[in-house]
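Work through the exercises below with the sequence and the model open. Each task is followed by a solution in steps.

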Amino acid sequence: MKADLIAQLQGLEEEGTVAVQEAPPESLEGLRVELLGRKGRLTGILRHVVQLAPEDRPVVGAEANRVKQALSELLDARAAEAGPAEALGPLEDLTLPGRRRWRGGLHPVTQTVNEICDIFRDLGFSRVSGPEAETLDYNFTKLNIPLDHPAADMHDTFFLNEGVVLRTHTSPVQARTMERCAPPVRVVVPGMCYRRDAWDASHAPAFEQIEGLAVDEGISFVDFRATIDEFVRRFFGPATRTRFRPSYFPFTEPSAEVDVSCQICGGSGCSACKGTGWMEIMGAGMVHPKVFANVGYDPERYTGFAFGMGPARITMLRHRIPDIRLLYENDMRFLEQFA
Amino acid sequence: MAERLAMLGAPVDEIVELGAELGDVVIARVDDVRQHPNADRLRVCTVDTGTGATLQVVCGAPNVQAGGFYPFAPVGATLPGDVQIRKAKLRGEASEGMLCSARELGLGRDHAGLLALTGEWEPGARFVDALELDDARLVVDVTPNRPDLLSHVGVAREVAPGGVAEITAAPFDGASVCPQPARAEWQGEVAGIRVAIDDLDGCPRYMAAVIRGARVGPSPEWVATRLRVIGLRPINNVVDATNYVLHELGQPLHAFDLARLQGGEVHIRRAGDGETLRTLDGVERTLVAQDLVIADAERPIALAGVMGGADSEVSETTTELLIECARFDPRSVRRAARRLALSTDASYRFERGVDPEGLPRALNSVVDLIVALAGGTPEAALDVGADARDQTTVVLNPERVNRTLGVSLDPGEIAGYLRPLGFETARQDSVLRVQVPSFRSDVETEIDLVEEIARRRGYDTFVGSLPAFRPSAVPTEPMVALQARLHALLGRWGFLEARTAGFAPAAPERVPLRNPLSAEESSLRDALLPGLLRRLEHNLAHAVRDVRLYEIGTVFLPDSQGQAPREDVHLAAVFTGARDPAHWTSPGEAWTVWDLKGLLEDLASELGGQGVPEGERLQVGGKDGAVLGGGGPLPARGGAVWGLEVTIAPQNAQVDAAAYHPLPIFPAVDRDLALLIPDGVTAAEVDSAIRTAAGPMLEALFPFDLFQGAGIPQGNRSVAWRLRFRTAERTLTDAEVDAAINRTLKTLEDRFGIRRR
């Protein structure tokens, strides 16, 4: 009885080995069930073990384990070598396109805004916002812009009533933030601004701006330059150079326009930079002491810098988009290019 | 030079190479002019171009004269704008070349006639050489705080390496022929003319000089050329002299024909309402009471600081001149210039402020130049008005300079930066007392001087490493994270973000703009969907049929309490067309209401609320039960268009951290029930009844099949529900689950008449 069972097991091993070696990949799993499964042939042989004398049982059991392991390993090896082909099932023409989902995503300007804000977040600036309909006081007066200044003119500004305009820049949030919080203040403020410019290739009556403000004791013009330089290298790439030119804004002094080396020609001069090798990206400067006084900060104690940039313009520079209206037309074929 | 100007804060907008495209142009003398036989307006000229033989040229300009010298473009020449000159026949007369106007040469806007050269010239000489036009025009962008840069001397002061001390050159140096002006407080006399400032606020200072016996005529070519290269049109020697000095020194000047003044009086006064003035451009202007005018005894003769009057204009018959050199209130000039939409070289400078100490020099210069060009005798000069401007002195603390700029300059270095710009400095203890030159009215306080020091030292010299900083006391707003989650959600759904301007056509519930640009954009939007729908239609109009757009943006709602409207942030989406990109494995499906509802449910869970169907509309409820928005089918051309709009409120931004639920240890038991549900009983009612009846062992419940039609009794639908039972403590027995199922079936039958199929 014992010898008979062992012979049966060895017969199964021999037969199974041939079968496994010859089986096509797709029938390996069926073969495994047939040989080693719960109702398979190995189990069928072992059903007779109960009829053996107790002392013979371990011997047969050990032989059964050996056969099971041998066949199992052989099956695994065959399956592994046939693996990928088996997963593919019957022959397919894999040059056919795969099935995809619609690709959603952010507007290119939002991507620019996020990227800029993320870099400044790394540099210690938190992200806040402010109202788009602003009082004359916040939009102009507190920022040291007298109401008879050209910037405050009816001609350039949308009015809602005598005292309220659509903000012409994100700078009012400087004043709002400083009134709300004591220093140190480091914030970036993305948001929509409005100017009475008719739509054309380079003007939109509503456009994005990102404001930045850093105020504390001991912040200097050197710190201001270093921070902006660092931002430029992180955003435009480490090889990009920065140039600060004197300029004029009523709410900063010293004021500067910041240029970066042309992203298209690298600074040698081309049509995009009008041959100058530079592209203007922001207006900036040290916060004017009058602004500090207007919001209740001690101008003798605190210094700081502020900057403003147009992410729509930067987006256009980056992707070489020739007309600002493309950004607001929201043609699917345009948006898909950047998603 | 352009680079240097840019780094000083006066960037060059444009460099115009003046002679670059005029290499082919020569000077020609017109020997003979006769009427074109077949055209009233054309003339046939015989032209000497220095080649030995004369040419015949047809010319339409009214000012062509025999014996005159003009720029000439021969056949084969190329003019600015790539204009090619060819041999032509004009109404039967041959024309071998072209006599040119200033505009045709790119030297100005003047196209009324040929550019007539005064004096004798050599025919055939190269035009650019003869007129020394081999030069470039730099167009400088001057910021509004720096009116002192609106002149050649002003720019020279900035760029001269040694600063103001180097600036001496003026064409007429030495003693001026202009008489010493008599001083007067508010009124005085000049050569028998009474000059009175009736409004000292509007005109703090008025200088005048009288010249008699001048001969008005064309300016010599050196003056005409200098004016042309900066884009001005030479008019006559007197007017040209005033323009010349204006651009040289930045002080606007005006010459009146003294003979046309009535009553021997000049008043600087406000206009009477309804008074009129015909200005030099020939337009009859009606004045208002605020307007500051120069008037004679009877009527206004000039709009102060903006434009002179046509009636007192200097003409070829003029011999007696009253020269005005004044300072006007910037606001008055700005108001008048804006109201009349009339910006002139003079108004531009007065609006920004002229050098109060610069008047005497400008008057001397212009009188000298007029006498040199037009002859005549300066008879007298007058200086009326309070000349009480104290020199501005600013106390500058070097510590302030160093703290703001992040450098360590000693007082000597600071003075060294300021002196070339015209600032006088004196040490006083630890500070500097700085005297501001009169032409720098923009410098009033210490920080203005800090900027001057930084500018003179060079912004690019302030180099340092990234500073250590204290973290911001202001936290990032929670809205930022909420919006990021919503953007991610819509992105997963395959939607593209749109950005639209925040305007809408007028409607009673919208906040109107006082000064809109167009009717389409005359109010602020109170919702995003209408704008997005227009964007969707734009896409459909361009044959893009699969549209999935969303926007997160501000909407404006009238607020009766506040001065400003209320601002809310909304999210809206529109979608139409195919649910998935076309693929060969399936025919493709359109978006359905179930996609809309699913998206609303996803949004609701991000916003901390839940999606609830209510009537025809699908709405999103917030945490506190308020309705945050909803969606539905939209009216649009073509196929089904779906839209939704919800409010994103900051209070919804706080999403509680999810608490961990232990993963199940024991197996679940699934039972499926196919139920015949009579019409009128909703899925929500069935759902609620099953949950109650099945009890706490019911872990999950959802419908997985819905069928109506063959085999289903009329007035019923068959809905198959899957009920999943499980407890955390043990494996459930069949008997327990059977009991729950039986309870459920009984409840459904009793309450709704629902039976198993």
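**Exercise 1. A helix with two faces**

Task: find the exposed residues on one side of helix 16 of chain B, then establish which residues of this helix are buried.

Solution.
Step 1. On one side, B:Ala735, B:Asn742, B:Lys746 and B:Asp750 are exposed. Exposed means over 50% relative accessible area, buried under 20%, and partly exposed in between, with a 1.4 Å probe and protein chains only. Helices (H or I, at least four residues) and strands (E, at least two) are DSSP runs numbered from the N terminus.
Step 2. The buried residues of helix 16 of chain B are B:Val737, B:Ala740, B:Ile741, B:Thr744, B:Leu745, B:Leu748 and B:Phe752. Because they cover an arc of only 135 degrees around the axis, they lie on the same side of helix 16 of chain B. The arc is taken from the directions from the helix axis to the C-beta atoms.
Step 3. The cover over these buried residues includes strand 37 (669-678), helix 15 (683-694), strand 39 (716-725) and strand 40 (755-756) of chain B. Contact here means heavy atoms within 4.5 Å.
Step 4. After helix 16 of chain B comes B:Gly753, with a positive phi near 70 degrees.

This is a predicted model, in which local features need pLDDT of at least 70 and side-chain atom pairs pLDDT 80 or more, while totals for chains, interfaces and linings use all residues; side-chain values use heavy atoms, without hydrogens and water. Residues are numbered from 1 along each chain as its sequence is written, and chains are lettered from A and ligands numbered from 1 in the order in which they are written.

**Exercise 2. An open sheet**

Task: in what order do the six strands of the open sheet in chain B run?

Solution.
Step 1. The order is 13-14-17-20-21-22, with mixed pairing. Two strands pair if DSSP finds at least two bridges between them.
Step 2. Strand 13 (187-190) and strand 22 (307-308) of chain B are the edges, each pairing on one side only.
Step 3. Within the sheet, strand 17 (residues 265-270) and strand 20 (residues 292-295) of chain B run antiparallel and are joined by four bridges. B:His267 has B:Ala295 of strand 20 as its bridge partner.

**Exercise 3. Backbone exceptions in chain A**

Task: locate the cis peptide bond between A:Pro183 and A:Pro184, and the positive phi of A:Lys274.

Solution.
Step 1. The bond from A:Pro183 to A:Pro184 has omega near 0 degrees. A:Pro184 sits in the loop between helix 7 (172-180) and strand 5 (185-194) of chain A.
Step 2. A:Lys274, not a glycine, has a phi of about 55 degrees. A:Lys274 is exposed, at 73% relative accessible area.
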